[in-house]
Structure formats: structure tokens, C-alpha cells
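Subject: Structure handover and notes

Hello,

Please find the structure below. My notes on it follow directly after.

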Protein chains: 2
Amino acid sequence: MDIRRFISGIFLFHSFTEKEIDLLEASASLKKVHKGEQIFSEGLDATAFFVVVSGKVKIFKLSPDGKEHTLHIHSPGDLVAEAAIFDSMLYPASCVALEDATLLRISREGFLSIIKRHPDLALKMMSGYSRRLRQFVAKIEELSLKDMKARLASYLLEHSTVENGVTICNLKYSKKELSALLGTIPETLSRTLAFLKQNNLIIEKNNAIIIPDPDKLRIFSL
Amino acid sequence: MDIRRFISGIFLFHSFTEKEIDLLEASASLKKVHKGEQIFSEGLDATAFFVVVSGKVKIFKLSPDGKEHTLHIHSPGDLVAEAAIFDSMLYPASCVALEDATLLRISREGFLSIIKRHPDLALKMMSGYSRRLRQFVAKIEELSLKDMKARLASYLLEHSTVENGVTICNLKYSKKELSALLGTIPETLSRTLAFLKQNNLIIEKNNAIIIPDPDKLRIFSL
DNA sequence: CACACACCTTGACTTAAGTCAAGGACACCT
DNA sequence: AGGTGTCCTTGACTTAAGTCAAGGTGTGTG
């Protein structure tokens, strides 16, 4: 895998000159991880941030009694933990590979020295931050103001596409992971899916959910 | 109130020249609001962000059936809704004054043109963003992984100071507001306070909570 | 192919916390 | 001072969702 080519493809670095890409490349390395492998743990020194090259990783919080909440699942192209390098310098959550993955690791020191010479980089990062804040606001809203039916309905609608006139949501993660992402346990996810099925709001087919009437399901998402 | 003097006191603008402060001042105005007055609503065009000069404002989400969740309460010196001007351009939540307040309003257009000439501003803003993200991660953790006792215990410990060898948390908001901030209803907050009182973990005195044994209360905050 | 393990579903049961109601306390206004 | 409205507390009751357990299914390994 050509690091330079991958770096050039990242939106953040589009305006970099060859020399600047050299500098960044010197601060970067590829990290291959296997499914289940820990990439970093909450509370540890944030020596780097990452960009997902392939595979999927999840960011999550663990409670003392072993319960887990997934903050985000990152796919190829996503930045991971970039906020941690600007303040406090500790990772605020943990990161694990959901499947075999490759990550571009960019060291904090290298990146901070580059961004000081390219503060316009920071301006470019602002919209990414803004989007991340909005995602978190939406998650807080769901956890505090919506029940499981509404959360699941919202998830299904937001992650569905229209294929041959049929609205369909292909499940990209296991149900166990989906339940952790939606803030519940697998039992409750099963029950909520069953409720939606029994009320003819969804049809489950292999690893996909067909939504016969998206407008009807939308009523449940509020 | 001297806008220029206030602007100069904001960390973000410390390195501005007189001329630059002129430009910023031209994009700014003071906004006086009364207790309960709406400053902006979720979904509206984000034409400006704000800095709290005096008083307190809350950022909150409302559900269709009138339930409310407070995302943050801002005090003098805090930036409000600055993220909204970088992406999407809509306010992701609403803002209301908790008491009579004065806000510095900075127009989006003015600020964006200034930041394009001062991208180092964006770099300065990154640590503020990083802190905001951490706050949201902590809130999500509490809503998903902690019960009300733990949440309240955490809040009391984090907002307490030691006065004359006594750990004391002065309540800065009404209990109604505190319950919305902690993600519950007033009844549950009352009950949880009563539980902590009956177990000798807190003593309630006027508008303050005395914590006789912080280490003991900390066990409940996990 | 057989076995082990993890995931998923379902049932019984429990619990945290919300809903509804009412009374008391307090603050504000006339 | 009296009246009104809001907040706060408490009780009775309900509900959403978690805990625990067990069985079925699917996947991976030897």
C-alpha cells in the first residue's frame, strides 16, 4: 500500500505540496490490525490519531461492570481520535477493530508541527468537527428523549437506500454491535425488531431490512 | 458596556491588532435578553454565534411531546453555537436565557471572513472543540451507562469545592434545571437527593449540598 | 464431519425511572 | 397583606427496558 497515494486522497491534505506530503509521510505509518485487536484505550496518552484505510473500527466507552456503549463506528476514509491531540492529550474512549483493518497512524508531534505551519488545515478540520458535534448532539437527544422503537426506526431510515423502488437498509454490523451503537442490549434490540415486524413496519431478509412504507415508519422515529 | 474591551478580553482574540478588532467589532453587537427569552431555535439558519457577557443561557433539545434535555448551560466567557457556522449552517439545538443576560453576537459572515485571514484562529479554537467533544462523550457515557444515583453523585463531586475543610457544592441552578441537565425529571431528582440524604452521603443546606465524605460518595459515582 | 463457541431469540421476572396527582413552600405581583 | 403561579416533594401506580436463563442457529476449527 502506497502511503503517499493514500495521504493525497485525504480531503484534509488536498492542497499539500510534494514537500509537505513528504513531511507528513515522515510522521505517518501504516498499522494493520486483526479483528478484535485494541487500537488504543481510554485514558492513555494520545500520541497519534488515525485514518481508516480499510476495515471498520469502533469507538466505545466501557463501564466498570463491563457494560459497553459504542460512540461511533468508523469506516474507510474516516478520521479517528483527531480531537484528542489538541487538548488534554488523553484518549477519551477506546478503539477496537470490528474486522481486520488497516489504519494510517499520524503522530501527534508530527501533525502539530505541520498544522502550525498550515493553520488553514485547522480551518478545514472545523467542518469535520462541526459534523461530529452534531452527531453527538443527535445521539444525546436519542438517549435522553427517545425510546428504543424510535431510535431503531431512526437508524433504519437514516441508513436505508432505495433499490429498484424498494427502501432497504443493509445491516453493516452484527446485531450485537448495532445494539451497543443504539444504546441497548441484544435482547431489547431483538424485541424491538420483532415489534416492528409484527406491525408490518419492516421485513427482515437475510442481513437486510426492507421498509415497505418509510413514511409510516417515520412516525415511529419521532 | 464597551464591546471592544470585552472582545479584547476573549482568549480567541488576544493576538488581534487594533485594526482587526475594528473589523471584528463591525461584525459584532450586544444583545440583551430577559429571563426565559429565546436566543435561537433548533433548525433555524445559524447567522451568528455568541459569547456570554453576563447571565446564564441553556442549550437544549425538545421532543415533540414537550420533554426537554439540557445539553449545556453557558456562563460568562463561554462561546455559544460557534460550531454551527462551519457546516450545515443550522443551529442543532435551541438556546434560552436562564436569567437576564447580555450576549455578544458575532455574525457568521463577518467571522468567516476574519478567520479566512486568520486561520490560526481556527487552530486556537481546536482545543475548545476538543473540550466540548469530551464533555459530550462524558454525557453520552452517563446517559447510557450510569443510573441516576451515579450521575448525581458525579455532578455533585465535580462541582464541589472545599471551603474551610468542608466539601460543598453550591447549586447554581434551580432543581428543575438541574434535572433537565442530568437527563431526568424533577421527581426523580428529588428522590435521588432524598436517597443520598438518607444514606448520610449528603447534607442539604439552603442552596448548597455538603458532602461529608467525598470518597464515600465517589463510590456511588462510578 | 463433529465439536466448541458466539450470537441471536424468547420467556419469566425484576428494577429503575417515568406518569399522574396532590399538597406545601416560596417568590412575585398588585 | 393577599392572591397567583411556579417549583418542589411525596405517594401511588405504570411502563420501558434490563437481568437471567435456556434453546436454537451459524461459524470456524481440527
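Asn164(B) is exposed, at a relative accessible area of 81%; exposed means over 50%, buried under 20% and partly exposed in between, with a 1.4 Å probe and protein chains only. Its place is the loop between strand E9 (161-163) and strand E10 (166-170) of chain B. Helices (H or I, at least four residues) and strands (E, at least two) are DSSP runs, numbered from the N terminus. Asn164(B) has a positive phi, near 50°, and is a residue other than glycine. Most residues other than glycine have a negative phi. Asn200(A) also has a positive phi, of about 55°, and is not a glycine. Asn200(A) sits in the loop between H7 and strand E11 (203-205) of chain A and is exposed, with a relative accessible area of 60%.

On provenance: this is a predicted model, in which local features need pLDDT of at least 70 and side-chain atom pairs count only at pLDDT 80 or more, while totals for chains, interfaces and linings use all residues. Residues are numbered from 1 along each chain as its sequence is written, chains are lettered from A and ligands numbered from 1 in the order in which they are written, and side-chain values use heavy atoms, with hydrogens and water left out.

Chain arrangement

Chain A superposes on chain B by a rotation of 180° with 0.0 Å of shift along the axis, at an RMSD of 0.0 Å. That is the relation of a two-fold axis. The superposition is by least squares on the C-alpha atoms of residues with pLDDT of at least 70 in both copies. Of the interface residues of chain A, 100% are also interface residues in chain B, so the copies meet through the same surface.

DNA strand C

DNA strand C is surrounded by 14 residues, the closest being Lys176(A), Ser190(A), Arg191(A), Thr184(B) and Thr188(B). A residue is near a strand if one of its heavy atoms lies within 4 Å of it. Sugar or phosphate accounts for 55% of the strand C atoms within 4 Å of the protein, and bases for the rest. The surface near this strand is made up of two nonpolar, five polar and seven charged residues. Here Ala, Val, Leu, Ile, Met, Phe, Trp, Tyr, Cys and Pro count as nonpolar, Asp, Glu, Lys and Arg as charged, and the others, Gly among them, as polar. Helix H6 (175-181) and helix H7 (186-198) of chain A, and helix H7 (186-198) of chain B, each supply at least two of the residues.

Some individual distances to strand C:
- Ser190(A): 2.3 Å from a side-chain N or O atom to a phosphate oxygen.
- Lys175(A): 2.8 Å from a polar side-chain atom to a phosphate oxygen.
- Arg191(A): 2.7 Å from a polar side-chain atom to a base oxygen.

DNA strand D

Around DNA strand D there are 13 residues, with Thr184(A), Thr188(A), Lys176(B), Ser190(B) and Arg191(B) the closest. The surface near strand D has two nonpolar, four polar and seven charged residues. A polar side-chain atom of Ser190(B) is 2.3 Å from a phosphate oxygen of the strand, and a backbone N or O atom of Lys176(B) is 2.8 Å from a phosphate oxygen. A polar backbone atom of Met148(A) lies 3.1 Å from a phosphate oxygen of strand D.

Core and helices

The largest nonpolar core has 105 residues, and those touching the most other members are Phe13(A), Leu104(A), Phe111(A), Phe13(B), Phe86(B), Leu104(B) and Phe111(B). Helix H4 (residues 119-145) of chain A gives the most to this core, with eleven residues. A nonpolar core is a set of buried Ala, Val, Leu, Ile, Met, Phe, Trp, Tyr and Cys residues joined through side-chain atoms within 4.5 Å. Phe111(A) is in contact (heavy atoms within 4.5 Å) with residues including Phe13(A), Leu24(A), Phe49(A) and Met125(A).

Phe111(A) is one of the buried residues of helix H3 (residues 108-117) of chain A. The buried residues of H3(A) pack against elements including H4 of chain A and helix H4 (119-145) of chain B.

In helix H5 (residues 148-158) of chain A, nine of the eleven residues are buried, among them Met148(A), Arg151(A) and Tyr155(A). The cover over them includes H4, H6 and H7 of chain A.

Regards

Technical notes: Polar contact = N/O pair within 3.5 Å; in protein donor to acceptor, adjacent residues only side chain to side chain. Lists of a residue's contacts leave out its neighbours within four places in sequence.
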